[in-house]
Amino acid sequence: QQTQAVALGIAIISHKYLAAFALGVPLYKSEMPICISLGVALLFASLTPMGIAVGWILAKTFEGWVGDMFVAIASGTFLYVSICEVLIPEFSQQKKEEKITYKMEESRRELSRSGTPRLEASQRLRTLKYLLKLDEQRKARRQEMLKSLAVIVGFAVMSVLAVWV
């Protein structure tokens, strides 16, 4: 039982810092007031101990198949969130368009600051957009293969962990 608790603790700790980073970056980019950001961060930090307490109580209360049912629900929720909320947006066309738009806007600002004549800047931006789209298509093909491989490896690792733990 102690070995299982240590394995679970390591799993929670290794996952928690990644989840905190995934929450912190959008909070930082949103430029929310610091008090709201701190409130969200504190709420996030308190959810793990509360979840452990609730899980412990449920595990002690419900033995056997009911506990297994909770594990199945948690696993299904994890898969749903990882597939629908993370993977689908990562594979979306809109994500690629956002990258090109961001780079174009950055270049437009740079050309504007440098005092480049409007017509020349417009031509440079059109050429840049064409090159960015070509580059993005090349990267996209490679990334699609890498992401698919990562998903397969991730599911394999999760399956091995499910059997091991």
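**Exercise 1. Describe how Arg138 and Asp135 are placed in helix 5, and characterise their contact.**

Solution. Step 1: in this predicted model, Arg138 and Asp135 are both part of helix 5, where three residues, about one turn of the helix, separate them.

Step 2: the two side chains form a salt bridge, with the closest N and O atoms 3.7 Å apart. This falls within the 4 Å cut-off for a salt bridge.

Step 3: assign each partner to an accessibility class. Arg138 has a relative accessible area of 51% and is therefore exposed, since the class begins over 50%. Asp135, at 23%, counts as partly exposed, because buried would require a value under 20%.

**Exercise 2. Determine which residues are joined into one network by salt bridges that share partners.**

Solution. Step 1: the network consists of Glu105, Arg108 and Arg109.

Step 2: examine one of its pairs. Glu105 forms a salt bridge with Arg109, and the closest N and O atoms are 3.3 Å apart.

Step 3: place this pair in the fold. Glu105 and Arg109 both belong to helix 4 and stand four residues apart, about one turn of the helix.

Step 4: consider accessibility. Glu105 is partly exposed at 29% relative accessibility, and Arg109 is partly exposed at 47%.

**Exercise 3. Analyse the salt bridge between Arg124 and Glu120, and state how many salt bridges the whole structure holds.**

Solution. Step 1: the general principle is that side chains of opposite charge can pair when their charged atoms come close.

Step 2: for Arg124 and Glu120, the closest N and O atoms are 2.8 Å apart.

Step 3: both residues lie in helix 5, with a spacing of four residues, about one turn of the helix.

Step 4: Arg124 has a relative accessible area of 44% and is partly exposed. Glu120 falls in the partly exposed class with 33%.

Step 5: a search of the whole structure gives four salt bridges.

**Exercise 4. Identify the residues and the elements that line the largest cavity.**

Solution. Step 1: the structure has one cavity of 30 Å³ or more, and the volume of the largest cavity is about 30 Å³.

Step 2: the lining of the largest cavity is made up of Lys99, Ile100, Lys103, Leu132, Asp135 and Glu136.

Step 3: helix 4 (93-114) and helix 5 (118-164) are the elements that give two or more residues to this lining.

Step 4: sorted by class, the lining of the largest cavity contains two nonpolar, no polar and four charged residues.

Step 5: link this result to Exercise 1. Asp135, one of the lining residues, is also the salt-bridge partner of Arg138.

**Exercise 5. Locate the nonpolar patch on the surface and explain why Trp65 is classed as exposed.**

Solution. Step 1: the patch is formed by Phe62, Trp65, Met69, Phe70 and Ile73, which together have about 520 Å² of accessible area.

Step 2: Trp65 belongs to helix 3, which spans residues 65-90.

Step 3: the relative accessible area of Trp65 is 64%; this value is over 50%, so Trp65 is exposed.

**Exercise 6. State how many helices and strands the protein chain has, and what percentage of its residues count as buried.**

Solution. Step 1: the chain contains five helices and zero strands.

Step 2: along the sequence, the pattern reads α-α-α-α-α.

Step 3: the chain has 165 residues, of which 9% count as buried.

Note on methods. Residues are numbered from 1 along each chain as its sequence is written. This is a predicted model: local features need pLDDT of at least 70, side-chain atom pairs count only at pLDDT 80 or more; totals for chains, interfaces and linings use all residues. Side-chain values use heavy atoms; hydrogens and water are left out. Patches are made of residues with over 30% relative accessible area and no salt bridge: like charges are joined within 9 Å, nonpolar side chains (Val, Leu, Ile, Met, Phe, Trp, Tyr) within 5 Å. Accessible areas come from the Shrake-Rupley method with a 1.4 Å probe; for residues, only the protein chains shown count as cover. Buried means under 20% relative accessible area, exposed over 50%, partly exposed in between (1.4 Å probe, protein chains only). On a 1 Å grid over the protein atoms alone, a cavity is a set of points where a 1.4 Å probe fits but cannot get out, and a pocket is an open set with protein on both sides within 12 Å along at least five of seven lines; lining residues have an atom within 4 Å of a point. Grid points are joined across faces, edges and corners, and a volume is the space filled by probe spheres set on the points. Ala, Val, Leu, Ile, Met, Phe, Trp, Tyr, Cys and Pro count as nonpolar, Asp, Glu, Lys and Arg as charged, and the others, Gly among them, as polar.
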